[in-house]
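This report describes the fold of one protein chain for a reader who is new to structural work. Please keep the sequence and the model in view while reading.

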Amino acid sequence: MVGFEDLRRPGGYAVQVLAVAACYYGAARLGLLRRLVVEGSVVTPIWPPTGVAVAALLILGLGCWPGITLGALFAILYLAPPSLDLLGFLFGNTVAPVCAVLLLRRAGFRTDVSRLRDGLALVFLGALTAMLISATIGVSLLLITDKLPARSFWAIWLAWWVGDAMGVLIVTPLLLMLHRARWPPPTARWKEATALAVVVCVVVPLAVYSTISVLFLVYPVIICAALRFELVGSMLCALLTSVLATVAATDGVGAFAGLTPIEVMAKLQAFNGAMALTALLLSAVITEQRNTRRSVEHACQELVEVLEHLTAGEPPPPRPPSDADDRP
């Protein structure tokens, strides 16, 4: 694994850019495994490269943007031969994640997503607002080059926008959490994690592939994962659920059987969006409350120590710095 210190050496920046490009292209190939045809155009319900791009910019800095452009170039060339609108697509796919990170920084976003405001910023600024850029540029180019009829503009634009936004909502927080996680992870709760994984593997396929509309069964599981394992647990459940739902939707089975392509896209996007929002925002609230409780407990312990020293007639001990001092 390349560390941040290695990136400062000669050639380190090139390695960084190539690594980002490879991750972007790999995520694009995964996203293209399942596609839907809406109004004669191929769309992806979830576009993971946008989540990879935003996470890379947040972790490595804005300087890694050429890796996003390079990865987008290979992804576009995989889909179609080079054309005059290639530069426009590259611009849209690059500037949207960059704007997302600039908006998040402006809002004081923290990469640990430990506050409700961080979750809200990621949803409304990083996903819903910034991804308007890529969707508008991309669909407009298709319309200008006569690759898309005017009557299909809004349907394709909505699918493009939601697909990019879902990539940010599901992939970005998961990558941020994996980046900050301790490796190897602690083993104290492996039994609980295993039990939850078994429940997820049973409930999620049942909810998605059942001919009865029981998609709501996944929400108690996601809530339980958020309560016990916070963001990592809830987002892993959300990712698995989203993947299985996308597979079922593209195959037209289970909860998506007998629907038109437009209905399949609308139902899938609404389900994925509601699920990702639930997992992300609930986890942020739980993490914020737990951090607040730890801060209060730490302050109470310090107060008890000060009172004990004052009662004994000794000067109070110096107050050690804590992580709570940096929290607003």
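In this predicted model, M131 is in contact with T50, V54, A96, P97, A100, G126, W161, D164, A165 and V168, once its neighbours within four places in sequence are left aside. M131 also belongs to the residues with the most contacts inside the largest nonpolar core, together with V54, F109, V113, F256 and L280. That core has 84 residues. Helix α7, which covers residues 153–180, gives the most to this core, namely 14 residues. Domain 1 (10–181) and domain 2 (184–312) both give residues to the core, and therefore it lies between them. A general tendency may be recalled here: in soluble globular proteins, nonpolar side chains tend to be buried together.

One of the partners of M131 is T50, whose place is in helix α2. Is T50 buried or exposed? T50 is buried, because its relative accessible area is 6%, and buried means under 20%. Apart from its neighbours within four places in sequence, T50 is in contact with M131, D164, G167, V168 and T172. T50 and G163 are 113 residues apart along the chain, yet a distance of 9.1 Å separates their C-alpha atoms.

M131 is also part of helix α6, in which S134, A135, G138, V139, L141 and L142 are buried as well as M131. These residues cover an arc of only 155° around the axis, so they lie on the same side of α6. What do the buried residues of α6 pack against? They pack against α2 (48–60), α4 (86–106), α5 (116–129) and α7. Just after α6, D146 takes a positive phi of about 60°.

Helix α8 can be described in a similar manner. Its buried residues are L196, V200, V203, V204, A207 and V208. Because they cover an arc of only 115° around the axis, they are on the same side of α8. On the other side of α8, K191, C201, V202 and L206 are exposed. The buried residues of α8 pack against α9 (218–251). The general geometry of a helix is helpful here: an α-helix has 3.6 residues a turn, so residues three or four places apart point the same way.

The lengths of the two helices can be checked against a rise of 1.5 Å a residue.

| Helix | Residues | Number of residues | Expected span | Distance between end C-alpha atoms |
|---|---|---|---|---|
| α6 | 131–144 | 14 residues | 20 Å | 20 Å |
| α8 | 190–209 | 20 residues | 28 Å | 28 Å |

For α6 the expected span and the distance agree, and for α8 they agree as well.

The protein as a whole may now be considered. How many helices and strands are there in the protein? There are 10 helices and two strands, and from the N terminus on the elements run α-β-β-α-α-α-α-α-α-α-α-α. Of the 328 residues in the protein, 44% are buried. Among the contacts with a separation of 6 or more, 74% join residues 24 or more positions apart. The accessible surface of the protein comes to about 16800 Å², and carbon and sulfur atoms account for 69% of it.

Notes: Residues are numbered from 1 along each chain as its sequence is written. This is a predicted model: local features need pLDDT of at least 70, side-chain atom pairs count only at pLDDT 80 or more; totals for chains, interfaces and linings use all residues. Side-chain values use heavy atoms; hydrogens and water are left out. Helices (H or I, at least four residues) and strands (E, at least two) are DSSP runs, numbered from the N terminus. Buried means under 20% relative accessible area, exposed over 50%, partly exposed in between (1.4 Å probe, protein chains only). Contact means heavy atoms within 4.5 Å. Accessible areas come from the Shrake-Rupley method with a 1.4 Å probe; for residues, only the protein chains shown count as cover. The expected span of a helix is 1.5 Å times one less than its number of residues. The arc is that of the directions from the helix axis to the C-beta atoms. A nonpolar core is a set of buried Ala, Val, Leu, Ile, Met, Phe, Trp, Tyr and Cys residues joined through side-chain atoms within 4.5 Å. Domain bounds come from an automatic or database domain assignment.
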